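Student: I've never looked at this one before. Could you walk me through it, one question at a time?

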Amino acid sequence: MTRSSIPDINLPDDDNPAHTRQCAADGCIQEGIHRAPKSRNALRDYIWFCLDHVRAYNRAWNYYEGLQGAALEAEIRRATTWERPSWKFATGQPSDKVFDDVMGLFDFENRDSTKPTRQLSKEEKQAWRVMQLDPVDDIEIVKRQYKQLAKQNHPDKNRGDADAEERLKDINLAYALICKSIESGGKNTAQ
């Protein structure tokens, strides 16, 4: 793959914007209406080209040309932060100041997560009673309670007690109904 070359540049003696600029490429007589930086060290000093020559200039432009090793690495690192300084997180001492949480977004202790946000069906109310929980939308709470109740009522633990086996069946049905209700957002529940 060959690399495009920068067009030969014919710089005018004065950069007077009052007159029409001619393309800076040697031998070109078109108007130079597109600007390009002179070098990486003079990014605000421009050379003016016609459209064809500015395209050739842009294809050949390499901002990092001439930089090697540590200088190149330092330049790339500066560019990744938009040439702004950056610091590691948590470099100072932790602050004891508490910010003002007007909306209560971080007040986890006072959130009322037990309030149902919708009307529960008769079957759902019974399922919550069987699970010994108030209605919540957090499936993890339901899973923990289910595991605890399943261990308590498992036939192996209760030496074949028929009542414990029936309670376990009810717990399984209640758990399935609650999980389905939570996953669907309560839309597909029996009324």
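**A first walk through the model**

Tutor: Sure, let's start with one side chain: Glu-73 counts as partly exposed, at 39% relative accessibility. Keep in mind that this is a predicted model.

Student: Okay, so which residue does the side chain of Glu-73 meet in a salt bridge?

Tutor: Stay inside helix 2, and go four residues along, which is about one turn of the helix. The residue there is exposed, with a relative accessible area of 57%. The two side chains meet at 3.3 Å, N to O, and the partner of Glu-73 is Arg-77.

Student: How many salt bridges does the structure hold?

Tutor: Glu-73 with Arg-77 is one of them. There is also a network of salt bridges that links Arg-40, Glu-75 and Arg-78. For the whole structure, the count is five.

Student: What is the N to O distance in the salt bridge of Lys-143 and Glu-140?

Tutor: These two are in helix 4, and because they are three residues apart, about one helical turn separates them. Lys-143 counts as partly exposed at 33% relative accessibility, and so does Glu-140 at 40%. Their side chains meet with an N to O distance of 3.9 Å.

Student: And which residue forms a salt bridge with Glu-166?

Tutor: Look in helix 5, residues 162-184, where the two partners sit three residues apart, about one turn of the helix. Glu-166 is partly exposed, with a relative accessible area of 43%. The closest N and O atoms are 3.6 Å apart, and the partner of Glu-166 is Lys-169.

Student: Let's zoom out. In what order do the elements run from the N terminus on?

Tutor: The chain has five helices and two strands. Read from the N terminus on, the order is β-β-α-α-α-α-α.

Student: What share of the residues in the chain is buried?

Tutor: To count as buried, a residue needs a relative accessible area under 20%. The chain has 191 residues, and the buried ones make up 21%.

Student: Fine, and how much accessible surface does the chain have?

Tutor: Carbon and sulfur atoms account for 50% of that surface. The total for the chain comes to about 15,400 Å².

Student: Which residues make the nonpolar surface patch?

Tutor: Begin with Val-102, which is found in the loop between helix 2 (69-80) and helix 3 (122-130). At 66% relative accessibility, Val-102 counts as exposed. The patch covers about 620 Å², and its members are Val-102, Met-103, Leu-105, Phe-106 and Phe-108.

Student: Now the cysteines. Why is there no bond between the sulfurs of Cys-23 and Cys-50?

Tutor: A disulfide needs two cysteine sulfur atoms within 2.5 Å. Cys-50 holds the closest cysteine sulfur to that of Cys-23, yet the pair is too far apart for a bond. A search of the whole structure finds zero disulfides. For this pair, the reason is a sulfur distance of 3.7 Å.

Student: Are Cys-23 and Cys-50 buried or exposed?

Tutor: Cys-23 has a relative accessible area of 3%. For Cys-50 the value is 2%. The cut-off is under 20%, so Cys-23 is buried and Cys-50 is likewise buried.

Student: How far apart in space are Ala-25 and Ile-47?

Tutor: Ala-25 lies in the segment before strand 1 (34-39), and at 2% relative accessibility it counts as buried. Along the sequence, Ala-25 and Ile-47 are 22 residues apart. In space, C-alpha to C-alpha, the distance is 9.4 Å.

Student: One more: which side chain is joined to that of Asn-153 by a polar contact of 2.8 Å?

Tutor: Asn-153 is in helix 4, residues 139-153, and counts as buried at 8% relative accessibility. Leaving aside neighbours within four places in sequence, Asn-153 is in contact with Asn-158, Ala-164, Glu-165, Arg-167, Leu-168 and Ile-171. Of these, the one whose side chain makes the 2.8 Å polar contact is Arg-167.

Notes. Residues numbered from 1 in each chain as written. Predicted model: local features only at pLDDT ≥ 70, side-chain atom pairs only at ≥ 80, totals over all residues. Heavy atoms only, no water. Patch = residues over 30% accessible without salt bridge, like charges linked within 9 Å, V, L, I, M, F, W, Y side chains within 5 Å. Areas by Shrake-Rupley, 256 points an atom, 1.4 Å probe, with all protein chains shown as cover. Salt bridge = Lys/Arg side-chain N within 4 Å of Asp/Glu carboxyl O. Buried < 20%, exposed > 50% of the residue type's maximum accessible area, 1.4 Å probe, protein only. Polar contact = N/O pair within 3.5 Å; in protein donor to acceptor, adjacent residues only side chain to side chain. Contact = heavy atoms within 4.5 Å.
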